[in-house]
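Reader: Hello! I'd like a close look at a single part of this structure, set in the context of the whole chain. Could you walk me through it?

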Amino acid sequence: MSSIPVDDNIPSIEDTVRRALDHYFNTLGDQTPHALHDMVVRAAERPLLDMVMSRYDGNLSRAARALGITRNTLRKKLHDHGLHGQTVAR
């Protein structure tokens, strides 16, 4: 397996999520968050699905394989995020 070059000037996805959550909690103050897990998963999943579908020109089989999920699961997730039946932009 070949290694993917890493640009040290670009933060990792994990670092980006940590910074976003830090900002979220700082903005939240003393309020208690609700359904935080679902909020974060949905916020990450929607652009992931959009980008993967774009990368594979809407091919469900290739996109599902890249994501490591079944085509049926991908269809459901696209539907849940309102991405079904849309042409994805490059």
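**A close look at helix α2**

Author: Happy to! The accessible surface of the chain comes to about 7,400 Å², and carbon and sulfur atoms account for 54% of that area. Please keep in mind that this is a predicted model. Of the chain's 90 residues, 14% count as buried. The chain has four helices and zero strands, so the order of elements from the N terminus on reads α-α-α-α. Among contacts between residues at least 6 apart in sequence, 40% join residues at least 24 apart.

Now to the part itself. Helix α2 covers residues 36-55, which makes 20 residues. From its first C-alpha to its last, α2 reaches 29 Å, close to the 28 Å expected at 1.5 Å a residue.

Which residues of α2 are buried? They are Glu 45, Leu 49, Val 52, Met 53 and Ser 54. A little helix geometry helps in reading such a list: an α-helix has 3.6 residues a turn, so residues three or four places apart point the same way. As for what lies against them, the buried residues of α2 pack against α3 (60-67) and α4 (71-80).

Let's take the partners of α2 in turn. Two packed helices are described by the angle between their axes and the distance between the axes. For α2 and α4, the axes come within 10 Å and cross at roughly 115°. The crossing of α2 past α4 is left-handed. On the α2 side, the contact is made by Arg 42, Glu 45, Leu 49 and Met 53, while α4 brings Leu 74, Lys 77, Leu 78 and Asp 80. Glu 45, Leu 49 and Met 53 are thus named here as contact residues and are also among the buried residues of α2.

The other partner to describe is helix α1, residues 13-28. Its axis and that of α2 come within 13 Å and cross at roughly 140°. Why are the two called oblique? Angles over 145 degrees would count as roughly antiparallel and those from 65 to 115 as roughly perpendicular; the angle here fits neither class, and α1 and α2 are therefore oblique to each other. Their crossing is right-handed. Leu 21, Tyr 24 and Phe 25 in α1 meet Leu 36, Met 39 and Val 40 in α2.

Finally, follow the chain just past the end of α2: there Asp 57 takes a positive phi of about 50°.

Terms used
Residues numbered from 1 in each chain as written. Predicted model: local features only at pLDDT ≥ 70, side-chain atom pairs only at ≥ 80, totals over all residues. Heavy atoms only, no water. Expected span 1.5 Å × (residues − 1). Buried < 20%, exposed > 50% of the residue type's maximum accessible area, 1.4 Å probe, protein only. Contact = heavy atoms within 4.5 Å. Areas by Shrake-Rupley, 256 points an atom, 1.4 Å probe, with all protein chains shown as cover. Axes fitted to C-alpha atoms, helices over the stretch in contact; angles between N-to-C directions. Parallel < 35°, antiparallel > 145°, perpendicular 65-115°, else oblique. Left-handed = near helix turned anticlockwise from the far one by under 90°.
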